[in-house]
Amino acid sequence: MCASQQKPLEIYLFVDPLCPECWALEPFIRKLYIEYGRYFRLKQVLTGNLAALNLPESKIRKWEATAARMGLSCDGALWMDHPVSSPFLASVAIKAAELQGRRAGSRFLRKLQEVLFIEKQNVSDLTILTDCAEEAGLDKAEFLNDIHSSSAAKAFQCDLKIAAEMEVEETPTLVFFNENIDEEGIKITGLYSYDIYVQIIEEMLNEIPEPQQPPPLEEFLKQFRFTASKEISTVYNWTEREVEREMKKLLLQRKVRKIPMKFGPIWEFIDK
């Protein structure tokens, strides 16, 4: 068992908040945290191909293909109904959230992605971003102050610099480092099966670590307002039928609400 201050690995996760593959990677990151989080620290770095936002038709095709492949909510029609006019503001908002702590930043990014991919709202709208901050448990006044400050903008520019230095040109990209500073990191670009990420951790640790068991389902669902069936299936190694059976129990207890989506249901946890 590794002490929390002596985690042997560091993982740089390069994400674009508007990238469907980054959204699809989320279940794997959550599962890695649960099973092997005691072995690594995760540093989230923002990047983005802003020029691609001028090509809504290609965005729609990309989102639809990713959603169909991964079974996640990712409706490309958003780009026609509510185009994201200022991805820069969304990125700066994430850095503003991170000024309240790394976990606060992660909660905010998750909330922003839920609002974008599930609720199909325009995350370049300051009102919506502020609502995300409140729902993520951030200090609203501090968030609004920071989003207009030079600190958040500089932090985003710093992320872009790190991405350039590590020659990251696509998202998502993960770069794994161990304690030996003389060794190069292992970079993996794109979306792969969960086993690939575990294999890299094993290689860098030079051992096969014992994975931790996931928490009880209800406790897992409480962490976020929305959870896709695909996420539950990934974290618990359940089939689609097993997920449906377990969620039906919670549905009958009125602890969740089922939201039918184009590529698989989303479950909203009801916090009474």
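Here are four short exercises on this structure, each with a worked solution.

Before starting, note that this is a predicted model, in which local features need pLDDT of at least 70, side-chain atom pairs count only at pLDDT 80 or more, and totals for chains, interfaces and linings use all residues. Residues are numbered from 1 along each chain as its sequence is written, and side-chain values use heavy atoms, with hydrogens and water left out.

**Exercise 1. The sheet**

Work out the strand order of the open sheet, and explain why S2 and S4 each have a side without a neighbour.

Step 1: Get the terms ready. Helices (H or I, at least four residues) and strands (E, at least two) are DSSP runs, numbered from the N terminus. Two strands pair if DSSP finds at least two bridges between them.

Step 2: Read the order. The open sheet has 4 strands, arranged S2-S1-S3-S4, and its pairing is mixed.

Step 3: Look at the edges. S2 (40-46) and S4 (186-189) each have a single partner strand, so one side of each is left without a neighbour in the sheet.

Step 4: Add the turn. On average, neighbouring strands here are turned by 15° against each other, direction ignored; axes are lines fitted to C-alpha atoms, for helices over the stretch in contact, and angles run from 0 to 180 degrees between N-to-C directions.

**Exercise 2. A pair of strands and a helix**

Describe how S1 pairs with S2, then place helix H1.

Step 1: S1 (residues 9-15) pairs with S2 in the parallel sense, over 7 bridges. One bridge links Leu9 to Phe40 in S2.

Step 2: H1 (residues 20-36) lies across S1, S2 and S3 (173-177), and runs at about 160° to S2. Contact means heavy atoms within 4.5 Å.

**Exercise 3. A cis peptide bond**

Find which residues the cis peptide bond joins, and where Pro172 sits.

Step 1: The bond joins Thr171 and Pro172, with omega at about -5°.

Step 2: Pro172 belongs to the loop between H8 (150-165) and S3.

**Exercise 4. Two asparagines**

For Asn206 and Asn237, decide: buried or exposed?

Step 1: Apply the cut-offs. Buried means under 20% relative accessible area, exposed over 50%, partly exposed in between (1.4 Å probe, protein chains only).

Step 2: Asn206, in the loop between H9 (194-205) and H10 (217-222), has a positive phi near 60°. Its relative accessible area is 71%, so Asn206 is exposed.

Step 3: Asn237, in the loop between H11 (229-236) and H12 (240-252), has a positive phi of about 55° although it is not a glycine. At 59%, Asn237 is exposed.
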